[in-house]
Amino acid sequence: MRRRRGLLQACEPMRGFRTREGERQMLFHEAGREGAPVIVLLHGGGLSDWSWRHALAQLAEDYRIVTPVIEGHGAACGEPFVSIADSAAQLVKYIDARWNGHVAALGGVSLGAQIAIAALAQRGDIAGCALLESALVERIPGRSMIGPMCRMCAGLIRRRWFAALQARELGIPKDMFEDYFADTRRMTIDSLVCVLESNADFSLPPDLPRSLPAAIMVGERERRIMRRSARRLHEAMPGSALYVLPGMKHGELSLAHPDAYARIVRETLRRA
């Protein structure tokens, strides 16, 4: 345990990576063992790289962990979220420049999983395996209502009691609540609307690498469309293993059960 704490204390500071000359930046946090296999993990919508804290503690001794901050979130709240495709393109450029075009594993949860899927569809050889948790790959009807509903509830979103209810529903550990609440308050309504609309619009891309080893994870208590999405993703990637997680809700595994998440990560990397 002493060694693991030392690794976490030695994390590099957040770095900005300029993906287009004179334009927007995507932020990346690196931690773990220098020279070890690289794992890139993207957080879910409304969260930030802090949501990987517990999983990182399980993995940092053996791997180099990169946790991007998606635009509109956390330390990148000043950069408006544009689209899943745009974030995926920035991610690919970062991996090309920083890791010579290839990492050991690429994954994420919810919105982060959708960005990882889009990146894999752009470049199937960018990762040795994929780690995809709670990924929606079917369009949701009612997109036109997202903006008006978010703007109508803008005052509630920034209330502590409402954030506590949301955090409980999302399964956010108590020691991460202050991070969640602070980021909720500084995320712009425009970015929130764009994130939710992009999430609802996302569908299974046709160019996924079929033979890529992957872990497809979905909670048993997630909505039917999420469980159906996991099955469709598993069918589209025959090299994948499907994990239906007993008793778990959306995105719960990596947030609240980091030891179980780390076991799946290690199993998937062994198959790669």
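Which residues of α12 are buried? Keep that in mind; the tour ends at that helix. What you have open is a predicted model.

**Whole chain**

Start with everything shown. The chain carries 12 helices and eight strands. Its radius of gyration is 17 Å, close to the 19 Å that the globule rule gives for 272 residues, so the chain is as compact as a globular protein of that length. Align the view to the principal axes: the C-alpha atoms fill a box of roughly 50 × 45 × 40 Å.

Now switch on the surface. The accessible area comes to about 12000 Å², and 53% of that belongs to carbon and sulfur atoms. Buried residues account for 56% of the 272 residues.

Colour by charge. There are 37 positive and 30 negative side chains. The centres of the two sets lie 4 Å apart.

A contact map is worth a look too. Take contacts between residues at least 6 apart in sequence: 78% of them join residues at least 24 apart.

**Strand β6 and Glu133**

Select residues 130-133, which form strand β6. Centre on Glu133 in that strand. Is this residue buried or exposed? Glu133 has 1% relative accessibility, so it counts as buried.

Show its neighbours. Leaving out residues up to four places away in sequence, Glu133 touches Gly108, Val109, Ser110, Ala113, Met217, Gly251, Glu252, Leu253, Ser254 and Tyr261. For a distance check, pick Val244. Glu133 and Val244 are 111 residues apart in sequence, yet 10 Å apart in space, C-alpha to C-alpha.

**Two serines with positive phi**

Step along to Ser134. This residue sits in the loop between β6 and α5 (146-152). Its phi is positive, about 55 degrees, although Ser134 is not a glycine. With 2% relative accessibility, Ser134 counts as buried.

Next, select Ser110. Where is it? Ser110 lies in the loop between β5 (105-109) and α4 (111-122). Phi of Ser110 is near 55 degrees, a positive value in a residue other than glycine. Ser110 is buried, with a relative accessible area of 14%, and the cut-off for buried is under 20%.

Display the contacts of Ser110. Not counting residues up to four places away in sequence, Ser110 touches Gly44, Glu133, Ser134, Asn199 and His250. Both earlier stops, Glu133 and Ser134, are on that list. Then draw a line to Pro205. Ser110 and Pro205 are 95 residues apart in sequence and 16 Å apart in space, C-alpha to C-alpha.

**Helix α8**

Jump to residues 177-186, helix α8. Show Phe177, Tyr180, Phe181, Asp183 and Thr184 as sticks: these are its buried residues. What do they pack against? The buried residues of α8 pack against α6 (154-157) and α7 (160-170).

**Helix α12**

Finish at residues 258-271, helix α12. Put a distance between its end C-alpha atoms. At 1.5 Å a residue, the 14 residues should span 20 Å; the ends are 20 Å apart, which agrees.

Now the opening question. The buried residues of α12 are Pro258, Ala260, Tyr261, Ala262, Ile264, Val265, Thr268 and Leu269. As you look down the helix axis, recall the geometry. An α-helix has 3.6 residues a turn, so residues three or four places apart point the same way. Leave Tyr261 selected: this buried residue of α12 is one of the contacts of Glu133.

Methods. Residues numbered from 1 in each chain as written. Predicted model: local features only at pLDDT ≥ 70, side-chain atom pairs only at ≥ 80, totals over all residues. Heavy atoms only, no water. Helix = DSSP H or I, 4+ residues; strand = E, 2+ residues; numbered from the N terminus. Rg over C-alpha atoms; globule rule 2.2 N^0.38 Å. Buried < 20%, exposed > 50% of the residue type's maximum accessible area, 1.4 Å probe, protein only. Contact = heavy atoms within 4.5 Å. Areas by Shrake-Rupley, 256 points an atom, 1.4 Å probe, with all protein chains shown as cover. Lys, Arg positive; Asp, Glu negative; His and termini not counted. Charge placed at Lys NZ, Arg CZ, Asp CG, Glu CD. Expected span 1.5 Å × (residues − 1).
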